[in-house]
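Please open the model in your viewer and keep the selection panel at hand. The tour goes from the whole assembly to the contact surface, and then to single residues and a helix.

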There are 2 protein chains.
Amino acid sequence: MKLLHIADLHLGKRLHGFSLLEDQQHALNQITALVKAHKANAVLIAGDVFDKATPAESALVLLDEFLTALIETGAAVFLIAGNHDSALRLEFGSRLLMKNGLYISGAYNGTLNKVRLKDEHGPVDFYLLPYVRPAQVQQFFIEQSIKTHEDAVRAALSSISLTPSIRSVLLAHQYVSGEGSLGYRSASESAIAGGLDRVCTSAFPEFDYIALGHLHKAQAASDSIYYSGTPLKYDFSETLDKKGALLVELLEKGSADIKFLELTPLRDMLRIQGKFSELIKPGLSGREDYYKIILEDEYDVLDAMNRIREFYPNAMQLSYEREVMPEQNEVGLSLKGKAPLELFEKFYSYQNDRTLDEESRQFIKPLLFELESGVEE
Amino acid sequence: MKLLHIADLHLGKRLHGFSLLEDQQHALNQITALVKAHKANAVLIAGDVFDKATPAESALVLLDEFLTALIETGAAVFLIAGNHDSALRLEFGSRLLMKNGLYISGAYNGTLNKVRLKDEHGPVDFYLLPYVRPAQVQQFFIEQSIKTHEDAVRAALSSISLTPSIRSVLLAHQYVSGEGSLGYRSASESAIAGGLDRVCTSAFPEFDYIALGHLHKAQAASDSIYYSGTPLKYDFSETLDKKGALLVELLEKGSADIKFLELTPLRDMLRIQGKFSELIKPGLSGREDYYKIILEDEYDVLDAMNRIREFYPNAMQLSYEREVMPEQNEVGLSLKGKAPLELFEKFYSYQNDRTLDEESRQFIKPLLFELESGVEE
């Protein structure tokens, strides 16, 4: 049985004022194509399908088209709510849609939805655990004290008993990492300070595969617990990351084959660095990508963002990187007894990373004299 | 074939700070029970299912439960968007849900969705026309000038051709009335000023039944064009209206039997009028209803709303009704040459609908004298 695992779509997400809807649609189209090409039997969508609890119409339409296209391939689709999703909104129509092979688990209700599919090796049980917070689980386990996300996951999973001979798959949306590891976090996640929401891999019983969502970088938390990561880059800290989906082939019990399938972005997310004049040379390729532009110019470039966008229309961020002189810590010290010109030279070299040349020196000298003496031309 | 026609659910509507969700749920439960009791083959929901384009989670859950319950009865369900609904949000999952017998038409796309059902008398064609504005239809009929709602409806309907021998039903959400009639409007509708959105019944071809939504009072626009009205009262101007659903039995072509089925509200919407002391007598029934309280007291009652709500916890509105004395128009005239006491007597009787009694007169007299003379006790 072949499963395609994706997560953290964050449909409707906006970044630095840019809508990413076209980029998301491009990614979803590739995912649908992968499902067809690999004849996947099921698609696992491990939470955070939307970026906001009340998604925009356009994001809703995008998910609708995606899910409809997936179901039309003949694959079953499993979808759980993440922390960004409204559990209740996501469940609209779910009791009817499961008859079409679309299984949505939005709000945790004390038990895990279980769906059984079959192939030539026998049955596979799919369990759906939407994102849970400790307080949500506590109400269903009043005899236990559920303080942490790990307590919550352990309690929620205690309600199921796996049959050792039957293959089983879990979908969950949590921050999970192995003993002693913090996993790879990403700046585009909404992290809980101090990692208090961390769940250890030991909290999970022996599933054949656990499809996780929440962390944005594709990674393994153990040899059967995986994050697919986001299908596209959502932060400039992710420019070097590979983005895609995980293709999981479950063979006979205990044997799974896992491959990362990379997606090609409509527009990549990149950083470029250099002097303004070097960056705006005509003939550069990939100019439609989303850029973080880092200028190395000594002087601020007038109207830089607008001029940059003539060449890189989707430049998202602009900043300057200037080497700070080692003297910076001295500024503000030992000003006393220094002549104005000496102070100005120090200030100039601090600001501009170079010493005052003779021409500038001859220009500033009479001005400083005037300032001091109160004489005006 | 039996059809149950409802419209204008306005799920999630709030009135004077009160959520009507429980009342709406109560109405929907009765509708589901009617569908079962009458073995209806189809439920027609003629728009404005939600009160707002972005409904609250609780309203979404309510519709989800209602539609799921209706489909479980075995009836087909037809649903069109009204002017209050977000056409695109309403369509989420619709291409999958139609496989379950739930046909949703949200956004007008140039053609009308058509669904054929059958019974012992042959086929019945259902056409779905969601709420349309002139500009929405114009883009699909560029060779015509579509200025009014009637133009829009005529153009949209021009794309279909009815087979005279086959029974046909239309769902639409518009302000429709017969030649020379304005229909019965209701204060809870969001009307377009001047009735510019009015569509004449003559704009519609010969359907066996047209299920309309938009006007909130149940009414017939012609002998085959009906408004079911809202399933519950949504304004104090509707306190005397009957609220419910229309049961339509289509027999052989050209023969339809139409009955109004009244619903019982969880809490009725009523007006009561009288003096405060009469209204708060213990032992009154129906105190859970939604009340508009009209007080006839001469004097404002201190903290009236809070005290009223001890007896009528769901009192929504409070107002005073006092007969205005015919002299009111004289106030402000001929003040000159009148003594202060005379002026005060006039003012007192105007304010209180009675003349100053002797005791009050003896009380006010020295006060007025003091005011005039500047003497203080």
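Begin with both chains of this predicted model, and superpose chain B on chain A: a turn of 180° together with a shift of 0.1 Å along the axis lays chain B on chain A with an RMSD of 0.2 Å. Because of this, the two chains stand in the relation of a two-fold axis. To find where the axis passes, select L97(B), whose C-alpha is the one in chain B nearest the axis, at 3.2 Å from it. The same surface serves both copies, since 100% of the contact residues of chain B recur in chain A.

Next, select the residues of each chain that touch the other. This gives 25 residues of chain B in contact with 25 residues of chain A, and the area buried between the two chains is about 2400 Å², of which carbon and sulfur atoms give 64%. Within that selection, colour R89(B), F92(B) and L96(B), which supply 31% of the area that chain B buries against chain A, more than any other three residues.

Now turn to the polar side of this interface, where the rule finds ten residue pairs in polar contact, both residues being at pLDDT 80 or more. Two salt bridges are found across the interface as well; to see one of them, show the side chains of D64(A) and R95(B), which meet at 3.0 Å, N to O. On the side of chain B that touches chain A, the elements that give two or more residues are α2 (57-72), α3 (87-90) and α4 (94-97) of chain B. Of these, highlight α2(B), which gives the most, with nine residues. If you then colour this side of chain B by residue type, it divides into twelve nonpolar, six polar and seven charged residues.

Stay at the interface, but move to chain A and select R89(A), which is found in helix α3 (residues 87-90) of chain A. Is R89(A) buried or exposed? Its relative accessibility is 17%, and because the cut-off for buried is under 20%, R89(A) counts as buried. Show what surrounds R89(A): leaving aside neighbours within four places in sequence, R89(A) is in contact with A53(A) and T54(A) of chain A, and with P55(B), A56(B), E57(B) and L60(B) of chain B. You may also draw a distance from R89(A) to G106(A), which lies 17 residues away along the chain, with 7.9 Å between the C-alpha atoms.

For the next stop, select helix α6 (residues 149-158) of chain A, in which seven of the ten residues are buried, so that the helix is largely enclosed by the rest of the structure. The buried residues of α6(A) are H149(A), E150(A), A152(A), V153(A), A155(A), A156(A) and L157(A). Add β8 (122-129), α5 (134-138), β9 (167-173) and β11 (198-200) of chain A to the view, for these are the elements against which the buried residues of α6(A) pack.

Finish in chain B by selecting A152(B), which lies in helix α6 (residues 149-158) of chain B. At 0% relative accessibility, A152(B) counts as buried. Which residues is A152(B) in contact with, leaving aside its neighbours within four places in sequence? They are V132(B), R133(B), P134(B), V137(B) and I146(B). Among them, V132(B) is 20 residues from A152(B) in sequence, and the two are 7.0 Å apart in space, C-alpha to C-alpha.

Note on methods. Residues numbered from 1 in each chain as written. Chains lettered and ligands numbered in written order. Predicted model: local features only at pLDDT ≥ 70, side-chain atom pairs only at ≥ 80, totals over all residues. Heavy atoms only, no water. Contact = heavy atoms within 4.5 Å. Buried area = accessible area lost by both parts, 1.4 Å probe. Salt bridge = Lys/Arg side-chain N within 4 Å of Asp/Glu carboxyl O. Polar contact = N/O pair within 3.5 Å; in protein donor to acceptor, adjacent residues only side chain to side chain. Helix = DSSP H or I, 4+ residues; strand = E, 2+ residues; numbered from the N terminus. Nonpolar A, V, L, I, M, F, W, Y, C, P; charged D, E, K, R; others polar. Least-squares fit on C-alpha atoms with pLDDT ≥ 70 in both. Buried < 20%, exposed > 50% of the residue type's maximum accessible area, 1.4 Å probe, protein only.
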